[in-house]
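Work through the exercises below with the structure open. Each task is followed by a solution in steps.

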Amino acid sequence: MKKLRVLIIDDERNARAEVRTLIADYSELEIIGEAQNADEAKEQIEQKNPDLLFLDIQMPEKSGFELLESLNKVPYVIFTTAYDQYAVKAFEVSALDYLVKPIREERFAKAMENLKQRITLPAEDRIFVKDRQQYHFVTWSEVHLVESMDNYARLFYGDKNVFLKTSLNQLEQKLDASMFFRINRAQIVNLKYIDKIMPAPDGRLKLLLKTGDTLEVSDRQSVKLKKLVKT
Amino acid sequence: MYWEYHGYMFSPRFDWLQAALQFIGDVTILILLTHAYRTFALKHNFQNLALGQLLQRIIPAALILGITYTLATTIKLHLFQVWFYRIPVQPFTDFFKANAETIFIGGMRLMSIWLLAYHMYHYAQREIRVNRENARLAIITREAQLNNLSAQLNPHFLFNSLNNIKALVSNNPKAARRAIDLLSDLLRNSLYNGEQTLVPLKDELNLVNDYLELEKLRFEERLQYEINADDTLASFQIPRLSIQLLVENAIKHGIAQRKNGGLITVKVEQLATVIKITVQNPGELIAGGNGLGLKNLQERLDLEYKGQAEFAINGQMHDIVLATITIPSA
């Protein structure tokens with residue numbers, strides 16, 4: 001199995017050493033670097049593209065959360081924290097793991113077990129969004145619809161939705177064109193979630209999503225979509 | 001008033017105007033005299049004297065007030081005679097000789113009663129105030145101890161310290177042993193729940209030194225510190241946990257918030273009439289962000305030193321925070 005490439009982020013050297021000691025027992029993890037603050041970490045993440053972060057929450061100047069929010073593509077994350085009940089409450093807990101320092105070996109083993117079950121390589125593209133005091137990991141392949149709302153884009157995934165502060169045009173640039181398609185001025189749809197494409201009497205197309213939503217495609221985009229479907 | 005009533009009832013030549021003026025004259029003399037005494041007493045801090053010392057001052061005061069009252073009243077009566085009767089009355093010296101004794105005895109009685117009432121009132125007031133202040137001081141000192149305890153048991157401090165020690169156990173056993181000693185003493189001191197509100201400066205600085213040494217093991221090169229105190233001040237009494245609080249804040253809001261950390265300087269110096277304690281750290285002062293700890297410190301200083309001590313925290317040049325406590329040295 002391909003090794004998971006790990007970056008350890010903590011402002012205290014000894015705290016990083018502790019994580020190193022714990023990881024030493026797991027041959028499937030490979031430490032590719034350490035960072036002692038969010039800026040250093042961002043640089044290394046963009047350069048080395050690690051699969052997994054061990055990330056301290058309380059760091060000088062920028063917190064672990066702020067680091068994740070600043071990334072376009074978020075690796076798997078295991079939070080390490082001395083104690084931060086409010087932050088812990090703010091998580092959508094199922095989406096991640098967090099370890100309280102000092103970290104017990106059996107707790108670390110459990111985290112590794114969870115990781116093996118959840119992880120898929122190559123990692124799927126995810127982002128980290130703070131919305132209404134809640135933090136969410138959003139995996140793009142699970143987003144079926146993006147809608148423009150003023151200065152925000154509203155991402156629909158599963159039965160949830162979050163607001164991301166970006167314009168739809170900016171977002172369209174970033175998204176994988178083989179997965180997402182802009183159907184009109186205000187909506188982008190995930191092609192994987194299209195159940196049926198139906199022609200409307202006026203020549204435009206109508207989409208039925210697997211989620212049951214019906215969407216209308218604009219004139220111009222109908223032409224593009226027809227081409228796309230043919231190929 | 002009684003004399004006016006008497007005059008009205010029994011004197012055929014009763015004059016309302018004269019009676020009113022006499023009355024106003026008497027009241028004015030009494031008010032002026034008592035007010036002069038009050039000013040004098042306040043200036044010489046009579047209200048804070050012990051009972052024995054106070055008596056030593058009240059008796060001569062009564063005498064002086066009595067004599068002054070006699071002089072003023074005789075002069076007043078004499079002038080009234082001159083103005084209202086327009087007759088060549090007896091010369092003032094004769095008038096004085098004839099009436100001084102009666103007026104003096106009356107004056108002494110009035111003044112003594114007033115002095116006793118005045119001082120008893122203030123004595124009672126002071127007792128109440130002192131008791132209230134002492135009770136409040138005891139409460140907020142206890143609060144400061146609790147704050148300190150919760151700071152030491154603060155999860156960020158405690159668990160990061162423990163995690164640090166865990167790493168040191170294998171990397172640097174000697175430092176690990178030292179860290180356990182330091183942490184133990186800090187916790188022991190936090191769990192102390194005695195009545196002491198003041199401690200000698202050297203005890204407070206030992207505590208601060210332990211705390212900084214332990215944090216230095218955690219923050220390593222990010223934390224630099226200096227403690228400068230005049231040896232002659234070692235036994236000077238300061239509020240317990242006051243410098244400790246400022247140093248904790250310097251770490252929490254200063255060092256821990258900065259990637260490159262910085263220098264914490266603790267300085268205790270004797271100025272002309274005060275002891276000045278300063279704690280300086282890198283960081284930016286958050287306006288209006290004074291927490292419970294600092295409010296508590298301010299109140300303890302106010303009560304302990306009756307407003308003679310000062311506390312201030314200032315941001316300088318956007319990246320230095322300076323906290324200053326000034327305590328009267330005598």
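**Exercise 1. Sort the faces of helix α7(A).**
Which residues of α7(A) are buried, and which are exposed?

*Solution.*
- Step 1. This is a predicted model. In it, Q221(A), S222(A) and L225(A) of α7(A) are buried.
- Step 2. These three cover an arc of only 105 degrees around the axis, so they sit on the same side of α7(A).
- Step 3. An α-helix has 3.6 residues a turn, so residues three or four places apart point the same way.
- Step 4. The other side of α7(A) carries the exposed residues R220(A), K227(A) and K230(A).
- Step 5. What do the buried residues of α7(A) pack against? Their partners are β11 (180-182), β13 (194-199) and β14 (205-209) of chain A.

**Exercise 2. Check the length of α7(A).**
Compare the expected span of helix α7 (residues 219-230) of chain A with the distance between its end C-alpha atoms.

*Solution.*
- Step 1. The helix has 12 residues, and the rise is 1.5 Å a residue.
- Step 2. The expected span is 1.5 Å times one less than the number of residues. That gives 16 Å.
- Step 3. The end C-alpha atoms are 17 Å apart, which agrees.

**Exercise 3. Classify two helix pairs in chain B.**
Are α7(B) and α8(B) roughly parallel or antiparallel? Are α5(B) and α6(B) roughly parallel or antiparallel?

*Solution.*
- Step 1. Take α7 (residues 201-219) and α8 (residues 242-254) of chain B: the angle is about 20 degrees and the axes are 9 Å apart.
- Step 2. Angles under 35 degrees count as roughly parallel. Therefore α7(B) and α8(B) are roughly parallel.
- Step 3. The crossing of α7(B) past α8(B) is right-handed.
- Step 4. On the α7(B) side, the residues that meet α8(B) include L205(B), V208(B) and L212(B). On the α8(B) side they include I243(B), V247(B) and I251(B).
- Step 5. Now take α5 (residues 155-171) and α6 (residues 173-191) of chain B: the angle is about 155 degrees, with axes 7 Å apart.
- Step 6. Angles over 145 degrees count as roughly antiparallel. So α5(B) and α6(B) are roughly antiparallel.
- Step 7. Here the crossing is left-handed. Among the residues that meet are L158(B), L162(B) and I165(B) from α5(B), and A176(B), I180(B) and L183(B) from α6(B).

**Exercise 4. Place two residues of chain B.**
Why does V199(B) count as buried, and what does T70(B) contact?

*Solution.*
- Step 1. V199(B) belongs to strand β1 (residues 198-200) of chain B.
- Step 2. Its relative accessibility is 7%. Buried means under 20%, so V199(B) counts as buried.
- Step 3. Leaving out residues up to four places away in sequence, V199(B) touches E204(B), F236(B), Q237(B), I238(B) and R240(B).
- Step 4. T70(B) lies in helix α3 (residues 51-85) of chain B and is buried, at 4% relative accessible area.
- Step 5. Beyond its neighbours within four places in sequence, T70(B) contacts F96(B), A100(B), I103(B) and F104(B).

**Exercise 5. Inspect backbone angles in loops.**
Where is P102(A), and where are E61(A) and K306(B)?

*Solution.*
- Step 1. P102(A) is in the loop between β5 (97-100) and α5 (105-118) of chain A. The peptide bond from K101(A) to P102(A) is cis, with omega about -5 degrees.
- Step 2. E61(A) is in the loop between β3 (52-56) and α3 (64-69) of chain A. Its phi is positive, about 70 degrees, although E61(A) is not a glycine.
- Step 3. K306(B) is in the loop between α9 (292-304) and β6 (310-316) of chain B. K306(B) has a positive phi of about 50 degrees and is not a glycine either.
- Step 4. At 53% relative accessibility, K306(B) counts as exposed.

Terms used
Residues numbered from 1 in each chain as written. Chains lettered and ligands numbered in written order. Predicted model: local features only at pLDDT ≥ 70, side-chain atom pairs only at ≥ 80, totals over all residues. Heavy atoms only, no water. Helix = DSSP H or I, 4+ residues; strand = E, 2+ residues; numbered from the N terminus. Buried < 20%, exposed > 50% of the residue type's maximum accessible area, 1.4 Å probe, protein only. Arc of directions from axis to C-beta. Contact = heavy atoms within 4.5 Å. Axes fitted to C-alpha atoms, helices over the stretch in contact; angles between N-to-C directions. Parallel < 35°, antiparallel > 145°, perpendicular 65-115°, else oblique. Left-handed = near helix turned anticlockwise from the far one by under 90°.
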